[in-house]
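This report looks at the surroundings of one helix, at one charged side chain, and at the enclosed space inside the protein.

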Amino acid sequence: MKQNKIWLSSPHMGGNEQTYINEAFKENWIAPLGPNVTSFEKDLENYLQENVKVAALSSGTAALHLALIMLGVEREDEVICQSLTFAASANPIAYLGATPVFVDSEEETLNICPKALEDAIEDRIKKGKKPKAIIGVHLYGMPYKVNEVHAVAKKYDIPVIEDSAEALGSSYNGQKCGTFGDLAILSFNGNKIITTSGGGALVTKDIEKKDQAIFLATQARDDAPHYQHSQIGYNYRLSNISAGIGRGQMEVLDVHVKARRQMNDFYKGVFKDEEGVKVFSEPTDNYFSNHWLTVIQIDKLKNGLKREDLRLHLQEKNIESRPLWKPMHLQPVFKNAPYYGSEIASSAFKNSLCLPSGSNLLEQDKKRISEAINDFLN
Ligand SMILES: *Cc1c(COP(=O)(O)O)cnc(C)c1O
C-alpha cells in the first residue's frame, strides 16, 4: 500500500478560522470588505510592531504590484531584484513595462549580495539610469543582510521593497521582517507559514500610504457620489471570508514558527554524520528565521550520489522535496534582463534542496523522512 504523501508545506488550520467565517456569514459580510479584514490588519500591525500599517490584499503579487506603482515605477524604468527568488518577486516589474535588473546572492543567507548590489547600482547609473527600487527577499524565511543591504540603498537613495512573503515570524536584531523596507509585502498563499487560502498584504510606514494602497486596490474611486476615476485602479482587496481564515491563523502563527524551527533542528540531527551536507541555519545570533522551508546544500556525499538522486529517492517514498527557486536570470522569460554577480545563486539552485518543513508534520512523518534519508545515505 502506498503511504500518504508528505508535503513540503501544506495548510495547517488552527481551529478558530471557522468561527470567524461563521461570523461573516451571520452578519452577511460576504463582500470584499468587513470586520474580519479590519481585524486581520490590526492583528498583523500588532504582531509586526514598529507602528507599521497593513493593507490586506488579494495576494503577495498584488502587493508587490501596488508597491512598485506607489514608488512611481513606470515604463522603461529599472528595478533591482534578487535573482534567487520565486518569479512573483519579479513579475510585477514586467507588468509595469519596467526592466528587472537581477543581482546574485551571498553565501550566508542566500539572499541579495550587498557587494553585487552596489556593483549593479554603480553600473546602471553609469549606463544612464538610476534604479527606481530594490527588491530584497527573505528567502525561505531567512532574513537578508538587512544592515548591509539597506546601507547601500541609503547611500544611493533608492527605496527598498522588502519581499517578506516567506518570512512572517522571522526577525533581524529583534525586529520583525516586514518592517524594514520603505514598503514590504506578505503572502498568505496556501503553502506559506500562515494562509488565507489566497491573500497578501502591503506593509507601510504610515496611514497615508496604507490609505493610498487601499484606494488603488479598490478601483481608485475618487470621492464623489457617482463613480469617478482620475487614476487607473485595481481589484486587489482581500475578501472578508479569507480575512476570517487569517484571523484564526494569526492565533497560531507563533506555534507554527516554533514547529518549523523544530523541523530545522530535526534535519540537523538527521544529517549530523554526513559531512557533505550543510543544513542552512542562521549565520549569527542577529538572525531569527521562521524556517518556512529547511534548505540543505549537498556538496559531496560519501556515497557519491547527487542532489537529484536524493530528490528522486524521496519521491519514490512519496515524500515531496524541491530544488530551490530557479534564479530569475536563468529563466527563459527574463533572458534579456541584466544580471550582476557570479555563481552563488546558480550553484545553490544546482546543489540544494528544500525538505518537508510543515508545522503539521507528525512524529510518524518525521520517522518516515529520517528513515528514507538514512536509507539513501547508507
Ligand atoms: C509566495 C511568494 C510571493 C507571492 O505571493 P502570492 O501571495 O503567491 O502572490 C512573492 N514572493 C515570494 C518570495 C514568494 O514566496
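A residue is called buried here when its relative accessible area is under 20%, and the model to which this is applied is a predicted one. By that criterion helix α8, which spans residues 240-250, is mostly covered, with 10 of its 11 residues buried. The buried residues are Asn-240, Ser-242, Ala-243, Gly-244, Ile-245, Gly-246, Arg-247, Gly-248, Gln-249 and Met-250. Among the elements that cover these buried residues of α8 are the three helices in the table.

| Helix covering buried residues of α8 | Residues |
|---|---|
| α1 | 17-26 |
| α2 | 35-48 |
| α9 | 253-270 |

At the N-terminal end of α8, Ser-239 acts as a cap, since one of its side-chain oxygens is placed 3.2 Å from the backbone nitrogen of Ile-241.

The loop between α9 and β10 (277-279) contains Glu-274. How far from Glu-274 is the nearest side chain of opposite charge? That side chain belongs to Lys-302 and is 4.3 Å away, and Glu-274, although buried, has no salt bridge, because such a bridge requires the side-chain nitrogen and the carboxyl oxygen to be within 4 Å. Leaving aside residues up to four places away in sequence, Glu-274 touches Lys-300, Leu-301, Lys-302 and Leu-377.

As for enclosed space, the structure holds 1 cavity of 30 Å³ or more, and the volume of the largest cavity is about 90 Å³. Its lining includes Thr-109, Leu-110, Leu-139, Tyr-140 and Met-142, together with Asn-264, Phe-280 and His-291.

Technical notes
Residues are numbered from 1 along each chain as its sequence is written. This is a predicted model: local features need pLDDT of at least 70, side-chain atom pairs count only at pLDDT 80 or more; totals for chains, interfaces and linings use all residues. Side-chain values use heavy atoms; hydrogens and water are left out. Buried means under 20% relative accessible area, exposed over 50%, partly exposed in between (1.4 Å probe, protein chains only). Helices (H or I, at least four residues) and strands (E, at least two) are DSSP runs, numbered from the N terminus. Contact means heavy atoms within 4.5 Å. A polar contact is a pair of N or O atoms within 3.5 Å; within protein, one must be able to donate a hydrogen and the other to accept it, and residues adjacent in sequence count only if both atoms are side-chain atoms. Lys and Arg count as positive and Asp and Glu as negative; His and the chain ends are not counted. On a 1 Å grid over the protein atoms alone, a cavity is a set of points where a 1.4 Å probe fits but cannot get out, and a pocket is an open set with protein on both sides within 12 Å along at least five of seven lines; lining residues have an atom within 4 Å of a point. Grid points are joined across faces, edges and corners, and a volume is the space filled by probe spheres set on the points.
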